[in-house]
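Let's take a walk through this protein, starting from the overall picture and working down to individual residues. Keep the viewer open as you read.

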Amino acid sequence: MSAKLLVVDDDPAILDMLVRILKRDGYTPITATNGVEALEIVAREAPDLILLDVTMPIMDGFAVCKLLKDNEATALIPVTMLTGLDDREHRQRGLEVGADDFLTKPFDQSLLRARIRSQLRIKRLTDQLERTESVIFMLALAVEAKDIYTEGHLRRLSSYSEQLALAVGLSPAQVKAIRFGGLLHDIGKISIEDTILRKPGKLTSDEYEQIKRHPEYGAGIIQAMRFANDVGPIIRHHHERWDGQGYPAGLVGEAIPIGARIVAIVDAYDAMMTDRPYRKALGIEETLRRLRAGGGRDWDATLLDCFLTMIEQGMLVEPSLEHSLSLTDLVY
């Protein structure tokens, strides 16, 4: 299937010339004459590359590019801005709004073709990485599906973690990483034997040592992903304790990444509130008592106080059973 390119320019002559070049090179061109029309087409057609004029009526190219790059659903579509000869101001503004490349009018056709090929090659690599990341999320859901006792655990943990991160005022980037961390925190358990994960009785010391390796296994599984730098530490350290008695690194206090501290709290809450192979659910009163007892020892007391307040004031929203986890919801 040929690559789909959106050409956005209010000059009919330039639009016609670019369309003819693209068709001759085997691409599928789509056209728009203003920014508003371009955004509508992007939402409908999902082009592989956008050639975007700077100066247009209704909405200029800078505004269009910024909206595209600020939207996670369209941020990875390459945008090549079409500028006037040696227009440094336009190039500077284009960089500020996230443009991926620039082409100068009048076009050198050989350069135009080379730039298009380069941007499409990057887009293909990005698409491959996105598919790989989708597989990772599916693996996480597969781990949960192996154990009837943890049904819905990842959905709840991802949601609770996000809610607590928002409540303590973390940045959108941190909130997103923590949402991913909540979903992927136990992905390393795919490397642990099912007989150990489902064992109804007490684990042997050797079995427990195997269980303790799952955070590092999980961080290793996602290490090639784009979000690894932000999410990997959450996965690796979600079993650390505030007093340094956790694993795998024995980190103490604020040395534990804040995302890992958040996931640790909500993971403990959800575990206590649900049936497990080795015990029945504890109920809300006993769960809150145990959480309070662990403040400043097992968990960050400040974050824990905020979480307990959310529970007690009815602010913690449990995701409905009807809402199954969607890869689109999670990734975007």
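What follows goes from the whole chain to the sheet, then to the helix contacts and one loop residue.

First, a caveat: this is a predicted model. The protein has 15 helices and five strands. Of its 332 residues, 46% are buried. If you take the contacts with a separation of 6 or more, 62% of them are between residues 24 or more positions apart.

Now pull up the strands. They form an open sheet of five strands in the order 2-1-3-4-5, and the pairing is parallel. Strand 2 (28-32) and strand 5 (101-104) sit at the edges, each pairing on one side only. Ignoring direction, neighbouring strands of this sheet are turned by 20 degrees against each other on average. Helix 2 (residues 35-45) packs on the sheet and touches strand 1, strand 2 and strand 3, with its direction at about 145 degrees to that of strand 2. Helix 4 (residues 88-96) packs on the sheet too, touching strand 4 and strand 5, and its direction makes about 155 degrees with that of strand 5.

Strand 3 is worth zooming in on. It runs over residues 49-53, and five of the five are buried, so the strand is largely enclosed by the rest of the structure. Which way do the residues of strand 3 point? Leu49, Leu51 and Asp53 go one way, while Ile50 and Leu52 go the other, and all are buried. Note that the burial takes in the aspartate along with its neighbours.

Next, look at what strand 3 pairs with. Strand 1 (residues 4-8) runs parallel to strand 3 and pairs with it over four bridges. In that pairing, valine 8 has leucine 52 of strand 3 as its bridge partner. Strand 4 (residues 79-83) also pairs with strand 3 in the parallel sense, again over four bridges. Here aspartate 53 stands opposite leucine 82 of strand 4.

Back to helix 2, which also has a helix neighbour. The axes of helix 2 and helix 3 (residues 61-70) come within 9 Å and cross at roughly 25 degrees. That angle makes helix 2 roughly parallel to helix 3, because anything under 35 degrees counts that way. The crossing of the pair is right-handed. Gly35, Leu39 and Val42 of helix 2 make the contact with Val64, Leu67 and Leu68 of helix 3. By class, this contact has five nonpolar residues, one polar and no charged ones.

Now move along the chain to helix 12 (residues 258-273), which has two helix contacts to look at. Start with helix 6 (residues 153-167), whose axis comes within 9 Å of that of helix 12, crossing at roughly 135 degrees. The two helices are therefore oblique to each other, and their crossing is right-handed. On the helix 6 side, the contact is made by His153, Arg156, Leu157, Tyr160, Ser161, Leu164 and Ala165; on the helix 12 side, by Ile262, Val263, Val266, Asp267, Tyr269 and Asp270. These residues divide into eight nonpolar, two polar and three charged.

The other partner is helix 7 (residues 172-184), which packs with helix 12 at an angle of about 45 degrees, the axes being 10 Å apart. That makes helix 7 oblique to helix 12, and this crossing is right-handed as well. Gln174, Ile178, Gly181 and Gly182 of helix 7 meet Ile258, Gly259, Ile262 and Val263 of helix 12. By class, the contact of helix 7 with helix 12 splits into four nonpolar, four polar and no charged residues. Ile262 and Val263 appear in the contact with helix 6 and in the contact with helix 7.

Finally, step off the end of helix 12. Arginine 279 lies in the loop between helix 12 and helix 13 (284-294). Is arginine 279 buried or exposed? With a relative accessibility of 22%, it counts as partly exposed. Leaving out residues up to four places away in sequence, arginine 279 touches Ala271, Met272 and Thr274. Its C-alpha atom is separated by 8.3 Å from that of proline 200, although the two are 79 residues apart along the chain.

Conventions: Residues numbered from 1 in each chain as written. Predicted model: local features only at pLDDT ≥ 70, side-chain atom pairs only at ≥ 80, totals over all residues. Heavy atoms only, no water. Axes fitted to C-alpha atoms, helices over the stretch in contact; angles between N-to-C directions. Parallel < 35°, antiparallel > 145°, perpendicular 65-115°, else oblique. Left-handed = near helix turned anticlockwise from the far one by under 90°. Contact = heavy atoms within 4.5 Å. Nonpolar A, V, L, I, M, F, W, Y, C, P; charged D, E, K, R; others polar. Buried < 20%, exposed > 50% of the residue type's maximum accessible area, 1.4 Å probe, protein only. Pairing = 2+ DSSP bridges.
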